[in-house]
Amino acid sequence: MAIPHPPTPVLSRSTGISEFGSANIEIATVDETAMKVIGLMSGTSVDGIDAALVEITGTTLDLRAELLAGETYPYPEQWRSQILAVCGGAKLSMLELADLDDAIATCFARAAMAIQERYKTDVPDGASATLIGSHGQTVFHRPTTDSKMGYSLQLGRGELIAAIAQITTIDNFRAADIAAGGQGAPLVPKTDAYLLGDPVEHRYVQNIGGIGNVTYLPPTSQPDWEQKVCGWDTGPGNSLLDLAVTQLSEGKLTFDRDGAWAATGNVCEPLVRQWLTQAYFCTPPPKSTGRELFGAEYLKNCLADAIPYQLTPADLLATLTDLTASSIADSYRQFLPQLSTAANAKGSQRVLLCGGGSRNLYLRQRLQHHLPHTQIATTDEAGVDGDYKEAIAFAVLAYWRDRQIPGNLPTATGAKQPMLLGDVHPLE
Ligand SMILES: Nc1ncnc2c1ncn2[C@@H]1O[C@H](COP(=O)(O)OP(=O)(O)OP(=O)(O)O)[C@@H](O)[C@H]1O
Ligand SMILES: CC(=O)N[C@H]1[C@@H]2OC[C@@H](O2)[C@@H](O)[C@@H]1O[C@H](C)C(=O)O
C-alpha cells in the first residue's frame with residue numbers, strides 16, 4: 001500500500017549504541033494513540049452489517065488503521081424487509097419506529113460482540129476493543145439545499161448498542177456536519193485521504209454500493225494536497241440495477257452476479273445520454289443522494305423511457321449498468337479538471353474501486369470504456385479491504401471524535417467548517 005508517511009509502530013524498541021560504541025541503552029517508545037475500535041456499517045443495499053475490528057494509531061498524516069477482523073452479519077429477514085419497506089416510503093407508527101430502531105441497535109450490538117469474539121478466538125491474548133463507531137442504518141436522507149437544512153436519519157441507537165455490547169459507542173455521525181450547513185455525506189473522504197493517498201498518483205476512490213460516491217486524492221507530494229481533496233455522491237451504484245434484476249427475474253435473483261446477465265446485452269447509448277441530462281448528474285458538488293431519488297420510482301421512469309427502444313431484459317440491464325459507469329466517468333470529467341485525457345496519463349491516475357459493485361465485471365469494463373486513460377483497480381490492491389472500507393472509516397471517525405479531531409471534510413460535504421462528528425454514549 002502506498003502511504004505517504006512511514007508506518008507508526010504500536011510499540012517500537014530501538015537499541016541505541018553510544019558514539020563510543022560501548023553502551024547498550026534500550027529505549028522503549030509506546031505509541032500512546034494505539035486503540036482498538038470496532039466500526040459498524042450497514043449501507044443503502046441493506047445486505048447486512050459490516051463489522052471491522054481495527055487497530056488505529058496516529059492521528060491524520062500518520063494515521064494507520066489495521067484491520068484485525070472483518071465480517072458481514074446479515075440482518076434477520078424480517079428486519080431487512082421492514083427496513084427496505086421503510087426506505088421505500090412505507091409508513092410506521094412511532095411505536096413501530098421505536099421497535100425498529102431497537103431491533104437494528106440489537107443487531108449492530110450483536111455484530112460488535114461477534115467480531116470481538118472472533119478476534120479473541122484467533123488471538124486469545126489480544127486486548128479487546130474499547131470503542132465502537134456505529135454508522136447505523138440510513139432509512140431516510142434528504143440532502144441539504146440552499147433553502148432547507150438537510151435531514152439524515154440513521155436507526156440503531158448508540159445508547160442501546162453501548163448497553164448491550166458494554167462498550168462506549170459513538171453514533172449519529174452525520175448530524176454535526178448537517179448542522180454546519182453540510183450534506184452530512186459523504187463522510188469517508190477524510191479517512192480515504194489518510195489511508196489511500198499516494199505520493200505520485202491522482203487517485204479516485206470510487207465506492208459502488210447501492211449509491212456511488214467518489215473521493216478525489218491529488219498526489220500527496222503536491223503542496224497543499226489536503227486542501228484539494230474532495231468528494232461527492234456520483235449517483236446510482238447498484239440500486240437501480242438490483243431493483244431491475246429483481247423485477248426482471250420475478251424475484252428469483254436480487255442482483256446481477258459479476259454483471260453476467262448485462263454482459264449478454266447491448267447498451268442503448270441514446271437512452272444513457274437522455275438519462276444523464278437528469279438534474280442530479282449536472283449539479284455541481286457538494287451533493288449527496290440516496291434511494292429516495294435513485295429508487296423504485298426512478299426505475300419506473302427509466303423503464304417508461306426505454307419502451308420506444310424495445311430493449312430485451314439483457315439490453316436494459318446493460319443500459320442501466322452503463323448509466324452507473326457513465327455517470328461516474330461523466331462526473332469526474334465535469335467536476336475534476338485534474339482528470340487528464342492525455343493518452344500517456346494512464347500511469348499516473350487510478351480509480352480504486354470498493355463496495356459490492358467492484359465485483360461486477362461488466363460494470364468495470366464499462367467504466368474502463370468511459371475512462372480509457374485511467375487505470376482501474378480496487379482499494380484492496382492499495383492495501384484497504386474494499387468490503388470493510390466504510391466500517392473501517394466509521395471506526396476511524398469514532399477514534400477521531402474520541403481525540404477531539406474533526407471528521408468531516410468541508411470540500412466534500414459543503415459544511416462551513418470542520419466539525420467533531422458523532423454523539424458519545426459512554427457506559428453507565
Ligand atoms: N459478485 C457481484 N457481482 C455483481 N454485483 C455484486 C456482487 N457482489 C455484490 N454486488 C452488488 O453490490 C451490492 C452491495 O454493495 P455494498 O454492500 O457495497 O452496498 P452498501 O454498502 O449497502 O451501499 P452504500 O455504499 O450505498 O451504502 C449488492 O446489492 C449487489 O448489487
Ligand atoms: C446518507 C447515507 O447513508 N449516505 C451513504 C450512501 O452510501 C454511499 C453514499 O450514499 C455515501 O454518501 C454515504 O455513505 C458513506 C459511508 C459516506 O458517508 O461516506
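**Two domains, two ligands**

Pro-286 sits in the loop that runs between α9 (279-282) and α10 (296-306). Find that loop in this predicted model. Now look at the bond leading into Pro-286. The peptide bond from Pro-285 to Pro-286 is cis, and its omega is near 5°. Is that the usual form? Most peptide bonds are trans. A cis bond also joins Ala-185 to Pro-186, with omega near -10°. Pro-186 belongs to the loop between α4 (175-179) and α5 (189-196). Keep Ala-185 and Pro-186 in mind, since they are among the residues that come nearest to ligand 2.

Step back and view the whole chain. The domain assignment splits the chain into domain 1 (35-184 + 388-425) and domain 2 (189-382). Domain 1 is written as two stretches of sequence, 35-184 and 388-425. The centres of the two domains, taken over C-alpha atoms, are 24 Å apart. Where they touch, domain 1 gives 27 residues to the contact and domain 2 gives 27 residues. On the domain 1 side, β6 (131-142), α13 (389-402) and α14 (410-413) each supply at least two residues. What kinds of residue make up this side? The side of domain 1 that touches domain 2 has 11 nonpolar, 14 polar and two charged residues.

Next, turn to ligand 2. How many residues are around it? The shell around ligand 2 has 17 residues. Thr-138, Ala-185, Pro-186, Val-188 and Ile-211 come nearest. Two strands deserve a look here. β6 (131-142) and β10 (211-217) each supply at least two residues of this shell. Sorted by class, the shell around ligand 2 holds five nonpolar, 10 polar and two charged residues. Why does ligand 2 lie between the domains? Domain 1 and domain 2 both give residues to its shell, so ligand 2 lies between them.

Ligand 1 has a shell of its own. It is surrounded by 21 residues. The closest are Gly-43, Ser-45, Gly-209, Gly-355 and Gly-356. By class, the shell around ligand 1 has two nonpolar, 13 polar and six charged residues. Domain 1 and domain 2 each give at least three residues to this shell.

Zoom in on Gly-43, one of the closest residues to ligand 1. Gly-43 is placed in the loop between β3 (35-42) and β4 (49-57). Is Gly-43 buried or exposed? A residue is buried if 20 or more other C-beta atoms lie within 10 Å of its own. Gly-43 has 21 C-beta neighbours inside 10 Å, so it counts as buried. Beyond its neighbours within four places in sequence, Gly-43 is in contact with Gly-209, Gly-210 and Glu-390. Gly-209 is also one of the closest residues to ligand 1.

Thr-44 lies in the loop between β3 and β4. It counts as buried because it has 21 C-beta neighbours inside 10 Å. What does Thr-44 touch, leaving out residues up to four places away in sequence? Its partners are Thr-138, Gly-209, Gly-210, Ile-211, Ser-239, Gly-290 and Arg-291. Thr-138 and Ile-211 are among the residues that come nearest to ligand 2. The unreviewed UniProt entry carries a "binding site" annotation, and the residues it covers include Gly-43, Thr-44 and Ser-45.

Now follow a helix. The buried residues of α3 (158-165) are Gly-158, Leu-160, Ile-161, Ala-162 and Ala-165. They pack against α2 (94-122), β6, β8 (169-171) and β14 (423-425). In general, an α-helix has 3.6 residues a turn, so residues three or four places apart point the same way. Just after α3, Gln-166 takes a positive phi of about 60°.

Finish with two more backbone angles. Most residues other than glycine have a negative phi. Glu-250 has a positive phi, near 50°. It lies in the loop between α7 (239-248) and α8 (269-275). Glu-250 is exposed, since 7 other C-beta atoms are within 10 Å. Gln-310 also has a positive phi, near 45°. Its place is the loop between α10 and α11 (313-335). Gln-310 is exposed, with 8 other C-beta atoms within 10 Å.

Note on methods. Residues numbered from 1 in each chain as written. Chains lettered and ligands numbered in written order. Predicted model: local features only at pLDDT ≥ 70, side-chain atom pairs only at ≥ 80, totals over all residues. Near = placed C-beta within 6 Å. Helix = DSSP H or I, 4+ residues; strand = E, 2+ residues; numbered from the N terminus. Nonpolar A, V, L, I, M, F, W, Y, C, P; charged D, E, K, R; others polar. Domains from an automatic or database assignment. Contact = placed C-beta atoms within 7 Å. UniProt positions renumbered as here; feature names shortened; annotations may be inferred. Buried ≥ 20, exposed ≤ 12 C-beta atoms within 10 Å, placed from the backbone.
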